[in-house]
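Me: I'd like to learn how to read contacts and salt bridges in a protein structure. Can you walk me through one?

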Protein chains: 2
Amino acid sequence: MPTSENNEPLLAQLQQRLREIADLEGAAAVLNWDRVTYMPPGGASARARQLATLRQLAHAKFTDPKMGELLESLELEYRDRPYDSDEASLIRIVRRDYDRAVRIPAAFLAEFSQHRATCYEAWAKARQADDFEIVRPYLEKTLELSRERASFFPESDHIADSAIQSADYGYTVAELKPLFEQLRSQLVPIVEAIGDRREIDDSCLHQHFPEERQLLFCHRAIARMGYDFSRGRQDKTLHPFMTKFSLGDVRITTRVYESHLGQALFSSIHEAGHALYEQGISEAFEASPLGRGASSGLHESQSRLWENIVARSRGFWEYFYNQLQGVFLSQLGQISTEKFYRAINKVRRSLIRTDADEVTYNLHVAIRFDLELALLEGKLSVRDLPEAWRERYRQDLGIVPDSDRDGVLQDVHWYDGAIGGRFQSYTLGNLMSVQFYQQAIAEDPEIPVDIERGNLQTLHQWLKRNIYRHGSKYTANECLQRVTGQSLSVNPFIHYIREKYGDLYGLS
Amino acid sequence: MPTSENNEPLLAQLQQRLREIADLEGAAAVLNWDRVTYMPPGGASARARQLATLRQLAHAKFTDPKMGELLESLELEYRDRPYDSDEASLIRIVRRDYDRAVRIPAAFLAEFSQHRATCYEAWAKARQADDFEIVRPYLEKTLELSRERASFFPESDHIADSAIQSADYGYTVAELKPLFEQLRSQLVPIVEAIGDRREIDDSCLHQHFPEERQLLFCHRAIARMGYDFSRGRQDKTLHPFMTKFSLGDVRITTRVYESHLGQALFSSIHEAGHALYEQGISEAFEASPLGRGASSGLHESQSRLWENIVARSRGFWEYFYNQLQGVFLSQLGQISTEKFYRAINKVRRSLIRTDADEVTYNLHVAIRFDLELALLEGKLSVRDLPEAWRERYRQDLGIVPDSDRDGVLQDVHWYDGAIGGRFQSYTLGNLMSVQFYQQAIAEDPEIPVDIERGNLQTLHQWLKRNIYRHGSKYTANECLQRVTGQSLSVNPFIHYIREKYGDLYGLS
């Protein structure tokens with residue numbers, strides 16, 4: 001076993017370096033969590049600087065040429081190890097990420113990072129004032145920088161591919177574009193058919209639900225899912241998210257609307273779905289690049305599986321509705337399980353992606369995906385973006401936002417990072433969630449029965465065994481293939497939607 | 001102005017390096033704050049590793065030989081700058097700290113840091129079990145390492161001097177020892193005289209005080225002091241402390257005993273005193289070594305000034321007692337201001353330093369200071385420490401702990417760090433607090449009158465102007481000299497004690 005001057009095996013040296021990088025990234029995650037939960041306003045400017053320092057140090061350590069040398073030696077030393085051994089997997093994943101990271105010059109990263117902060121501030125002002133013009137010049141600069149970043153990957157077939165790869169390794173525009181077209185062509189008619197039916201009455205969700213009691217029920221539900229509070233916690237914030245500091249400290253955040261029961265409830269279950277994935281990764285991968293979710297899309301498949309397939313199902317509420325009624329007796333005591341089930345699955349042509357139901361959600365994503373491509377391809381200018389946005393909403397959802405705040409300014413994504421690769425993960429997650437769940441119940445038909453009894457552990461353990469524990473050892477595609485024997489497909493999702501919403505809305 | 005290859009002025013290069021180090025230290029402070037406030041138990045082991053990584057990186061960056069080169073060039077370049085210019089001060093303070101830091105080998109630091117964690121754990125167990133033997137071997141190792149650390153500073157007159165210097169630069173055993181002897185010889189007779197008088201009745205403090213209302217009053221009081229909640233916050237923890245992430249984010253923590261009013265109240269005011277100092281430092285010193293308190297002793301002088309001289313004075317309660325009664329009407333409605341004032345100043349021969357009154361406090365410190373010296377000098381073995389502790393309590397305070405938990409195991413200091421230099425700051429703070437306050441009222445006799453009216457800003461602004469804003473530009477000694485024209489002295493403190501407690505206990 002080759003060793004270095006200091007006589008330590010090369011693999012241990014690599015792991016030591018990776019651990020240091022993980023520590024810097026973990027520290028940055030703590031600082032960011034604190035920033036959006038407890039930090040007083042006076043801390044903002046220094047905190048931005050501290051975060052930049054930590055990230056810059058982590059990047060410098062990861063792109064250190066010594067890392068490349070170590071990888072080369074290790075690839076030789078471990079060339080006979082099986083593909084799915086921990087050692088070969090670590091070397092393979094670090095190589096993949098290293099080769100991508102070293103392409104981007106440090107000076108470019110610094111410039112982009114600076115610009116992101118400025119653009120984000122301009123967006124916050126623009127959104128407040130409902131005036132796209134405030135942020136337009138910044139977004140134009142973002143587009144320019146996004147193109148420049150793509151230029152560091154000249155071998156890509158499409159200008160958006162490198163950005164997509166950094167979130168969802170293995171997917172390209174060539175595959176995703178037809179997939180979004182297929183989704184759109186099937187979903188638009190369903191939405192139209194639903195539009196002809198009688199509206200579902202969801203007024204039971206819009207009553208006064210005291211915050212403390214909402215949080216109480218959320219805690220119970222996610223604990224039942226298997227979220228381990230001794231290795232995590234839930235705090236309040238403006239935009240809910242999951243964050244990980246180590247395998248033993250995986251936190252979620254939520255927000256509570258006292259006038260709407262769905263917000264905290266489903267966002268808690270969604271974020272807990274992300275957290276179960278991270279809490280379920282093998283301990284052997286702590287502080288290593290294998291110790292995190294495999295891709296944004298695969299991550300989203302886990303959060304959406306719990307949020308939608310499980311927690312918006314009839315079976316889930318067979319057990320939990322009783323408990324929910326116990327917590328909100330005066331609000332829900334007279335509402336039947338069926339009425340509640342229908343309310344939480346109401347489909348509506350709406351303007352806001354994050355509030356969208358399962359049927360329309362992917363149409364919101366498709367619009368953003370297509371506009372991103374058009375911007376990067378130079379077929380659409382930033383100036384014309386708001387109008388293009390309105391036009392696509394008219395076409396696909398039959399409604400038009402009367403303000404940019406509810407239109408092109410609604411999502412932070414383009415304004416706090418690059419254009420490109422920012423939205424496909426949501427749809428990838430929705431599609432995969434159905435594929436995984438169907439495999440789970442094919443292998444263990446007790447799962448839905450157990451869910452009806454309030455036992456979520458059969459499903460949780462299946463997911464942990466088949467997906468969670470592997471961390472990012474396999475790419476999303478590899479994972480899907482290994483677990484379901486299938487590659488990514490639109491059909492299971494469409495089938496699921498037709499069945500569930502056909503029943504709910506009496507479609508033929 | 002000499003510049004480097006990249007054409008940046010050398011001072012800017014130094015500042016950039018210092019900023020990066022400050023960012024790492026700030027990040028470590030956030031991680032530590034989270035560790036003792038919100039972290040779930042599962043996060044502990046990774047958090048220890050992350051903290052070690054951040055501190056090790058900060059130390060490596062500070063002791064980088066390039067730092068030494070920069071300092072040499074800058075000392076030349078700025079040699080004509082006045083002593084108290086920001087530039088000369090920065091170079092001087094960084095040189096002082098650099099010369100000390102490079103003495104200690106990185107391998108020693110790593111070993112010590114490892115040992116500290118183990119020793120701390122053993123102490124927690126020993127304290128729980130009330131069994132000194134559990135931690136004894138670890139403490140013996142600590143003593144050995146503390147001696148080794150002292151050996152890196154062979155020019156010191158006394159083996160404890162280098163440790164004392166790192167907390168309280170400028171002070172040595174040669175000065176401190178006579179000072180403690182003087183204090184002891186004057187305080188022991190006062191304690192004895194008080195012991196002959198009738199006990200003060202402080203039962204009014206020992207009632208049920210609901211946590212929420214205690215925190216409400218604490219917030220009001222410290223806001224009145226000038227603690228800026230937009231640049232800080234208060235959270236609950238096990239052992240109260242103040243911590244700073246940046247000049248705009250200075251946090252305090254507290255603990256609340258519902259059966260004792262004094263705990264949260266005086267610890268909040270104490271920590272807020274520390275925080276006022278940090279919040280009051282000139283913004284020009286953000287993320288620089290000048291941007292922190294000058295020494296542990298000077299820091300303690302500010303917390304004790306507010307906690308004792310202000311908040312345990314009759315004048316303070318002239319205004320605030322009404323408010324406190326409003327919050328705790330059923331508990332304090334029938335208790336007079338004078339009765340309350342006497343209760344919060346009750347003197348007792350007690351075993352626990354942190355609960356000690358103003359009169360006995362420095363006796364507790366003197367015991368620890370003398371025992372530390374005896375250990376380092378080899379005149380006392382760790383094995384004989386518990387008995388030596390009991391003997392000194394018998395001599396000085398006339399009482400003997402019947403358990404080591406209330407004896408030698410009570411303070412964490414020796415068990416989570418070095419032996420030596422750990423206790424003198426408390427007494428330095430007490431002495432200086434009186435010197436500063438007397439100077440303040442000599443310069444502005446309105447201060448005590450304003451305090452009686454609930455206006456704490458006259459004092460706050462005086463302290464900010466004379467002490468806070470300078471950060472660590474001047475050493476504690478320089479600061480004391482500049483502000484009061486005097487050097488450190490026991491007499492003002494003894495005079496203050498005689499006057500206040502002579503009145504309270506009717507001593508002649």
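Reply: Sure, let's go through the interface, one hairpin and a few salt bridges. This is a predicted model, where local features need pLDDT of at least 70, side-chain atom pairs count only at pLDDT 80 or more, and totals for chains, interfaces and linings use all residues. Residues are numbered from 1 along each chain as its sequence is written, chains are lettered from A and ligands numbered from 1 in the order in which they are written, and side-chain values use heavy atoms, leaving out hydrogens and water.

Me: How many residues does each chain bring to the contact?

Reply: Contact means heavy atoms within 4.5 Å. Here chain B brings 37 residues and chain A brings 37 residues.

Me: And what about the area buried between chain B and chain A?

Reply: The size of an interface is often given as the accessible area lost when the parts come together. That loss is found with a 1.4 Å probe and summed over both parts. For chain B and chain A it's about 2700 Å², with 58% coming from carbon and sulfur atoms. On the chain B side, Asp23(B), Tyr38(B) and Arg49(B) lose the most area to chain A, together 19% of what that side buries.

Me: How many salt bridges cross the interface of chain B and chain A?

Reply: A salt bridge is a side-chain nitrogen of Lys or Arg within 4 Å of a carboxyl oxygen of Asp or Glu. The rule finds eight across this interface. One of them joins Arg47(A) and Asp249(B), at 3.5 Å from N to O.

Me: Which parts of chain A does the salt bridge of Asp503(A) and Arg314(A) tie together?

Reply: First the distance: their closest N and O atoms are 3.1 Å apart. Helices are DSSP runs (H or I, at least four residues), strands too (E, at least two), numbered from the N terminus. Asp503(A) sits in helix 21 and Arg314(A) in helix 12, so the pair ties together parts 189 residues apart in sequence.

Me: Is strand 2 of chain A mostly buried or exposed?

Reply: Buried means under 20% relative accessible area, exposed over 50%, and partly exposed in between (1.4 Å probe, protein chains only). Four of the five residues of strand 2 (residues 242-246) of chain A are buried, so the rest of the structure largely encloses this strand.

Me: How does strand 2 of chain A pair with strand 3 of chain A?

Reply: Two strands pair if DSSP finds at least two bridges between them. These two pair in the antiparallel sense over four bridges, forming a hairpin with two residues between them. Within that pairing, Thr243(A) stands opposite Arg251(A).

Key:
Buried area is the accessible area (1.4 Å probe) that two parts lose on being put together, summed over both.
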